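User: I am new to this structure and would like a close look at a single part of it, the largest nonpolar core. Please take me through that part and then through what lies around it.

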Amino acid sequence: MGTRCFTWRMSVHCLLVAGGRWRCFPVPLGSSLVQGLHNSCCRKKSTAPKKIIPSVALCDENTKKSGNALDKLFSSEQQASILQVLNTASNKELEAFKLLRGRKSINIIEHREKFGPFQNLESLMNVPLFQYKTTIQVCNSILCPETEGEKRKFQDNRLLRKLIKPEIKRERLKAVNSIVSIVFGTRRIAWAHLDRKLAVLDWQQSECCQLMKGTYLSSIYLQEISSVISKMPNADLYVLEKIGLSIQNSSRFPVLLHFHIMEAMLYALLNKTFVQDGQHRVLSMNRNGVGKHFELMIGDTRTSGKELVKQFLSESVLKEEPRVVFPSEKIVRYRQMFSSTEEQRAEELYDSLLQAIAFYELAVFGTEP
């Protein structure tokens with residue numbers, strides 16, 4: 001007789017037995033024990049088919065609701081005005097609106113060329129980058145465009161943020177009566193004290209030969225910089241030169257470290273009231289921004305401002321209304337100081353004066369000379 005083989009499908013189950021231990025044992029599938037365990041552990045699920053709503057239908061419904069909401073937000077006359085702009089304005093004209101600058105105006109032109117003019121405000125949401133909230137903001141900006149004064153203010157604020165750090169309110173800048181402009185190098189610190197009439201009240205430099213020797217000792221930096229600050233006059237703001245050296249050039253790392261230490265020390269020592277009022281009295285001004293103001297830039301390189309400073313000294317004597325005013329009782333001393341530093345390439349001395357003039361003309365007065 002042939003041997004008959006029976007195949008059993010088994011299932012492994014675990015039960016909690018006496019003593020608090022789990023014990024596993026195989027049980028054939030379909031047995032009453034397995035069915036009982038399944039019924040006791042699992043809830044009976046509904047066999048009714050679920051209604052599946054396609055995602056496309058949801059998107060269409062949301063778009064329809066948004067479109068209806070847009071119609072309620074704007075009157076028929078307002079809708080006609082908005083559509084007139086969207087359907088006829090060139091790319092340049094669209095970019096005149098603040099919220100349509102860049103890719104958004106290009107997308108409107110491309111959509112208009114491909115699908116024809118916009119029939120309603122709802123169709124604007126078919127353009128890439130235009131969601132419901134964006135569409136409302138764009139429509140409002142078309143109805144109430146920026147005035148020339150607002151555009152100029154926006155541009156001025158953007159330029160100011162690039163020129164000066166940290167950000168400071170224009171109202172506070174307008175109220176400035178005097179500043180001390182500070183420029184430091186590897187061996188000296190120079191400063192120029194100017195009032196809002198561009199009158200030079202003080203102009204000096206100090207040698208700091210011990211700073212980059214050895215291991216950049218903090219105590220030496222504190223000692224040297226504190227000594228220099230004690231000679232500086234009080235002012236509403238102190239403006240430091242910000243040099244944009246790249247950290248990728250490893251050979252410049254010692255100089256870059258020196259500049260960062262100097263800047264940090266000056267911020268800490270001159271911001272005496274920051275803890276009490278939270279107002280910055282020390283600002284950093286972009287070096288290349290000053291160079292562009294005086295047309296001293298050749299590509300990315302800034303040339304010497306020595307000849308320009310010499311010209312300002314001469315004009316202070318020869319012109320009735322010079323750009324920079326050097327007090328008559330000090331001009332002889334400043335001329336002697338200038339002459340004595342010509343061979344030393346004392347760029348810090350020249351740059352401190354130019355930075356102060358640029359700060360007033362660009363940040364305080366907001367006008368070109």
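Analyst: What follows begins with the core and then turns to a second core, a helix, a pocket and a few single residues.

The model is a predicted one, and its largest nonpolar core has 42 residues. Those with the most contacts inside this core are L194, W203, F294, F326, L353 and F359. Helices and strands both supply it: the elements that give two or more residues are the helices α7 (148-163), α13 (306-318), α14 (328-341) and α15 (347-364), together with the strands β5 (188-195), β6 (200-207), β7 (237-242) and β8 (282-286). Among these, α15 gives the most, with 11 residues. In soluble globular proteins, nonpolar side chains tend to be buried together.

L353 offers a way to see how this core is joined, since, leaving aside its neighbours within four places in sequence, L353 is in contact with A192, L194, V200, W203, V309 and F326. Of these partners, L194, W203 and F326 are themselves listed with the most contacts inside the core. A second core, separate from the largest one, has 23 residues, including C208, L240, F259 and Y267.

F259 and Y267 are also among the buried residues of helix α10, a list that includes L256, H258, M262 and L270 as well. This helix runs over residues 253-270, and its 18 residues reach 26 Å from the first C-alpha to the last, close to the 26 Å expected at 1.5 Å a residue. The buried residues of α10 pack against the strands β3 (164-165), β4 (178-184), β5, β7 and β8, and against the helix α9 (218-229).

Helices α10 and α15 meet again in the account of the second largest pocket, where about 390 Å³ of space lies. Its lining has 19 residues, and G185, I243, R287, E347 and E348 lie nearest the centre of this pocket. The elements that give two or more residues to the lining are β4, α10 and α15, with the largest share, 3 residues, coming from α15.

Some residues elsewhere in the chain complete the picture. S141, found in helix α6 (residues 132-143), counts as buried because its relative accessibility is 14%, under the 20% cut-off. Leaving aside its neighbours within four places in sequence, S141 is in contact with F97 and L99. C139, at 0% relative accessibility, also counts as buried, whereas C144 counts as exposed because its value is 62%, over the 50% cut-off. As for cysteine pairing, the structure holds 0 disulfides.

Terms used: Residues numbered from 1 in each chain as written. Predicted model: local features only at pLDDT ≥ 70, side-chain atom pairs only at ≥ 80, totals over all residues. Heavy atoms only, no water. Core = buried A, V, L, I, M, F, W, Y, C linked by side-chain atoms within 4.5 Å. Buried < 20%, exposed > 50% of the residue type's maximum accessible area, 1.4 Å probe, protein only. Helix = DSSP H or I, 4+ residues; strand = E, 2+ residues; numbered from the N terminus. Contact = heavy atoms within 4.5 Å. Disulfide = S-S within 2.5 Å. Expected span 1.5 Å × (residues − 1). 1 Å grid on protein atoms, 1.4 Å probe; cavity = no way out; pocket = protein on both sides within 12 Å on 5 of 7 lines; lining within 4 Å. Points joined across faces, edges and corners; volume = space filled by probe spheres on them.
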